[in-house]
Each structure stands twice: as C-alpha cells, then as structure tokens.
Amino acid sequence: MSDIRFEGWLHRSGTGGVYQDSAGNVGIASTQPQTRLDIGNGGFQVGPTGIATVTTVNTTNLVNATQLSHRNIIINGAMEVAQRGTSSTSSGYQTVDRFRHSGTGWDAALTQAQGSVSSGTTPYTEGFRKTFKLTNGNQSSGAGAGDQLSMSYIIEDQDLATSGWNYLSETSYVTLSFWFKSSVNQTFYVVLESKDGTSRQYSFAITPTGADTWTKVTHTIKGNSGLQFSNDNGEGIEIYFLLFYGTNQTTSGHTLNTWKTTSASDQAPDMTSTWFTTNSATFELTGMQLEVGSEVTPFEHRQFGDEMARCKRYYNKVFDAEGQSGEKPASLAVYETNSALTTIFNFPKMRVVPSLDITNGTNKFMVRSNSVSDHFDTMSLRYGTTQTAEIVASSGVSGTAGYGGYLRSADTDVYIAFSAEL
Amino acid sequence: MNITSAKYCINLDTNENQSIKATIDGVEMFVPISEGNTHYDEIMRQVNAGTLTITAASN
C-alpha cells in the first residue's frame with residue numbers, strides 16, 4: 001500500500017471525521033483541534049514539542065525513559081520533617097531537616113522556621129503544608145559588599161553519581177522545581193555548586209509574580225564535561241538560594257544559565273539589597289524537587305515516615321521527652337567507676353560517624369540503679385561508628401561499678417540526637 | 001559554620017582524647033575525632049587556619 005497524504009481538506013462543521021484547521025492542527029472526532037493532534041476533544045492531545053496529554057491510559061506495559069518512583073533526589077523537599085525544632089534564631093541546620101541558612105555580615109539574627117502553607121493557596125491544594133521560612137532581622141547598617149545570606153541544601157555525592165544523570169553530557173539534563181514566596185518582590189538567584197574536583201557553579205534568576213505570592217519555578221540544567229561526582233558519602237552539589245550576596249561575591253557581567261568554574265567573586269549578578277534591608281522581610285520555600293530529565297513532573301509526595309527515615313541518615317533524634325514532665329525511659333545504662341554509660345543504636349546507619357547533640361542542664365538526666373537514683377546534667381561521646389555510639393555520664397554519678405540500671409530523662413526538654421549532616 | 005568554642009574530652013579509661021566538645025551554630029555538640037564528620041573537618045580546617053584553638057581536656 002502506498003503512502004496517503006491529504007492536502008487541501010475541505011472545511012466541514014460538526015465533530016466527526018478527520019479535520020485539519022488552518023493552523024495545521026489535526027483533529028479526529030474533535031470539534032476544533034487545540035493542539036497538533038487532538039482526538040476526541042482533548043482526550044488525547046500531542047503538542048508542538050511532542051508532549052502528549054492523555055485523559056486516561058490503560059496499558060499492559062508502560063515503559064518510561066525516566067523512573068516512575070524515587071524521582072526526587074531532594075530529601076524532605078516538602079519540608080515536613082523538622083526533628084531539631086520549628087523555630088530558631090541561629091544559622092546552620094536548626095529546623096527543617098536537610099535545609100539550612102547561612103551567611104555572614106548581618107547586624108541582627110534572622111529567624112529560620114518550619115512555616116505553614118495557608119489553605120486555599122495553590123501549593124496547599126497540591127498537598128504542601130510546610131515551608132522552610134526565613135524572617136529577616138533589622139540589618140541596621142545596611143547591605144555591605146561582604147555580606148552574604150542564603151538558604152541551601154546539599155546533595156550527597158553518591159545520590160548524584162547513581163541518579164542516572166549523565167552529567168558529563170550537555171544533552172543530559174536534570175530539572176529543578178520548587179515553590180517560593182517572598183514578601184519583597186525582587187529578583188533572587190539560585191546557584192548550584194558542585195564540590196568534587198574543580199568546583200563548578202551554575203546560576204539562574206528567579207522573580208516572584210508578586211510580593212507574598214507563591215510562584216512555581218521550573219528550571220532545566222544540562223550536564224557539563226567538567227562536573228565530577230564520586231560514588232561516596234561526601235558533598236555532591238549544594239543548591240543555594242541567594243537572598244543577598246554583596247558585590248564582593250557578585251559581578252555586573254555575571255553569566256547566568258551555564259556551568260563555569262567556581263569563582264568566589266563572581267557567583268551571581270549584582271543583587272538588589274531590598275529584601276536584606278527590609279526588617280521582618282520573609283522568604284519561604286517548599287515543594288523542592290530535582291529529577292533526572294528535561295521535563296518537570298509533578299512533585300513526588302512521600303509519606304511522612306518515608307521522609308523521616310531518609311532524614312535520619314543525616315540527623316537522628318533517638319530520644320525526645322516531647323515536652324512531657326516526669327521521668328521517661330531513654331535507654332539502659334551500666335555503671336563503671338565514677339561513670340554511667342549506655343550504647344545507642346542508630347537506624348538507619350548514618351552517613352558518617354556522627355556528632356552527639358544532647359541536652360545539657362542541671363539534673364536533666366537520671367540513672368536509676370540498685371534502688372538509688374543519680375541525677376546528672378549531660379553525657380558525652382565516648383566511642384562511635386555510623387551505627388552505634390557509646391555515651392557516658394562522667395560527672396554527677398556515684399553508683400556501684402558493675403550494676404545495671406535505667407537511663408531516664410528528668411525534664412520536659414531532654415533529647416539525645418546524632419548529627420552526620422553534610 | 002560558626003564555631004565559638006572547642007575543647008577535648010578525655011576517655012577516663014585510656015586517658016586519651018575521645019571527642020571534642022564544641023559549640024557549633026549555637027548548639028553544644030560532642031564531635032567524634034573522625035575525618036568525614038562535617039563538624040570535625042570544619043574544626044580542623046579552622047584550627048589549621050589559625051582561627052580556632054581546641055582547649056585541652058580537663059580531668
């Protein structure tokens with residue numbers, strides 16, 4: 001059978017048959033084709049870039065070029081998990097797991113918090129309830145050339161090396177998407193910085209659609225032959241959201257949307273300082289997803305427990321009195337001479353041998369043994385692996401060596417945690 | 001990472017340094033003497049840069 005080509009089809013009304021409009025769109029059983037190919041008034045549509053929109057797909061086998069689950073390389077991108085707390089005036093990792101704020105040169109501390117998405121907003125209707133939120137302090141001396149303020153997230157090296165992104169190729173892509181909201185309507189910059197080998201940076205601009213208005217950002221990033229990611233537990237890429245970088249770190253001629261060798265003095269275009277110099281200005285972020293491929297897909301919502309388990313590789317609060325008064329069980333303990341010690345198991349294994357983050361205050365803990373209770377202030381790290389830690393109270397205890405006992409909290413704010421953050 | 005103090009903690013059994021008690025971003029941490037731990041690496045970076053001193057342990 002030879003090929004058939006229809007040209008100069010006659011116009012007809014109705015919804016049946018095959019129909020090509022004057023723009024070249026073809027419809028089958030469609031009143032008016034809305035895309036390059038439109039079957040059944042939108043039931044199946046193919047757009048000019050080859051993207052198909054289908055109402056329902058019934059299939060025996062579905063083969064996809066990108067993975068269908070575990071697409072999002074970002075952990076806790078919906079900002080649901082906040083093991084350390086929900087508000088802090090310190091920088092670093094203090095609230096939402098895996099996200100931090102950092103910088104230098106500010107006059108007044110900023111407040112970082114796990115914020116809430118208001119009902120009725122578009123992020124809310126898409127299932128987002130929490131944000132990573134920064135509230136500015138009063139930067140009374142204004143913006144300086146050396147001042148820096150950013151929020152950031154660090155991806156572990158092996159999570160990039162094994163992601164499926166052929167990062168050395170300029171025809172292989174990852175796509176970053178997120179929602180953000182700023183009380184100040186100005187342009188900010190996002191910078192991706194690779195950490196292995198010769199560090200490289202990629203920057204792009206984001207501008208909200210208005211003050212205090214949620215804006216969805218989607219940005220596709222191509223690979224580069226200079227990128228390097230080891231298959232290990234080190235730092236891979238840090239994604240910065242620059243709220244303000246002074247001119248010591250920026251240039252007016254900075255080139256956006258391309259990888260280049262990292263330069264401390266050329267990380268972004270010169271920035272307006274409006275947000276930085278506005279007391280109580282806010283910036284919120286949620287729904288952050290980095291996925292392999294050139295097309296954005298809907299955010300991969302994960303259950304709270306799944307996300308919590310992922311976070312625990314980097315920070316694990318193994319005991320929390322959760323605000324409850326009275327003695328609460330923490331662990332088993334055993335006395336040695338002038339000390340009481342216990343072993344704690346971290347599940348899952350942590351990224352590296354972790355630091356101990358533990359309450360320190362008068363009589364915060366107690367060990368009960370041989371019908372006697374000893375109160376003490378805190379414990380320290382003795383030995384550690386990625387899975388186990390031996391912690392010891394070496395002052396304030398006076399039990400008999402060789403006796404076992406119970407380690408308990410003795411106040412409402414007691415916690416024991418381990419940090420192996422990047 | 002803002003580190004405002006660092007002091008070795010001693011293992012009473014072996015009399016060797018077992019960890020570093022440090023205040024990092026306002027939070028007191030017991031940092032293992034272990035490369036790869038971000039806190040330890042940053043402490044040593046600042047020590048090598050001459051901007052931080054680790055105080056000896058007190059028995």
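**A sheet shared by two chains**

Let's begin with one pair of residues: A:Phe319 has A:Ile416, in β29(A), as its bridge partner. Before we go further, keep in mind that this is a predicted model. That pair belongs to a ladder between β20(A) and β29(A), the strand made of residues 415–419 of chain A; the two run antiparallel and are joined by five bridges. As a bit of background, strands of a sheet pair through backbone hydrogen bonds, and they can do so in a parallel or an antiparallel way.

Now zoom out from those two strands. They are part of an open sheet of six strands, and if you walk across the sheet you pass β20(A), β29(A), β23(A), β3(B), β2(B) and β1(B), in that order, with antiparallel pairing. At the edges sit β20 of chain A, covering 315–320, and β1 of chain B, covering 3–10, each of which pairs on one side only. From one strand to the next, the sheet twists by 25° on average.

So where do you cross from chain A to chain B? Look for β23(A) and β3(B), which pair in the antiparallel sense over two bridges. One residue pair to find here is A:Leu356 with its bridge partner B:Phe30, which is in β3(B).

Next, look for the helix that lies across these strands. Helix α1 of chain B, residues 38–48, lies across β23 (355–358) and β29 of chain A as well as β1, β2 (17–24) and β3 (27–32) of chain B. Its direction makes an angle of about 95° with β3(B).

What about the whole interface? Here 25 residues of chain A are in contact with 20 residues of chain B. The two chains bury about 1700 Å² between them, with 44% of that on carbon and sulfur atoms. Three residues stand out on chain B's side: B:Gln18, B:Asp25 and B:Phe30 supply 32% of the area that chain B buries against chain A, more than any other three residues. We already met B:Phe30 as the bridge partner of A:Leu356.

How many salt bridges are found across this interface? The count is zero. Polar contacts are another story, with eleven residue pairs between the chains, both residues of each pair being at pLDDT 80 or more. On the side of chain B that touches chain A, β2, β3 and α1 of chain B each supply at least two residues. β3(B) gives the most, namely six. Sorted by type, the residues on this side of chain B are six nonpolar, ten polar and four charged.

Let's finish elsewhere in chain A, where more strands pair up. β8 (residues 111–116) and β9 (residues 130–135) of chain A are antiparallel and share six bridges, and A:Thr111 has A:Thr135 of β9(A) as its bridge partner. β9(A) also pairs with β19 of chain A (residues 282–292), again antiparallel, this time over four bridges. In that pairing, A:Phe132 is matched with A:Leu285 of β19(A).

Two backbone details in loops are worth a look too. The peptide bond from A:Phe347 to A:Pro348 is cis, with omega near -5°, and A:Pro348 is found in the loop between β22 (339–345) and β23 of chain A. A:Arg98 has a positive phi, about 80°, although it is not a glycine; you can find A:Arg98 in the loop between β6 (87–88) and β7 (99–104) of chain A.

Key:
Residues numbered from 1 in each chain as written. Chains lettered and ligands numbered in written order. Predicted model: local features only at pLDDT ≥ 70, side-chain atom pairs only at ≥ 80, totals over all residues. Heavy atoms only, no water. Pairing = 2+ DSSP bridges. Axes fitted to C-alpha atoms, helices over the stretch in contact; angles between N-to-C directions. Contact = heavy atoms within 4.5 Å. Buried area = accessible area lost by both parts, 1.4 Å probe. Salt bridge = Lys/Arg side-chain N within 4 Å of Asp/Glu carboxyl O. Polar contact = N/O pair within 3.5 Å; in protein donor to acceptor, adjacent residues only side chain to side chain. Nonpolar A, V, L, I, M, F, W, Y, C, P; charged D, E, K, R; others polar.
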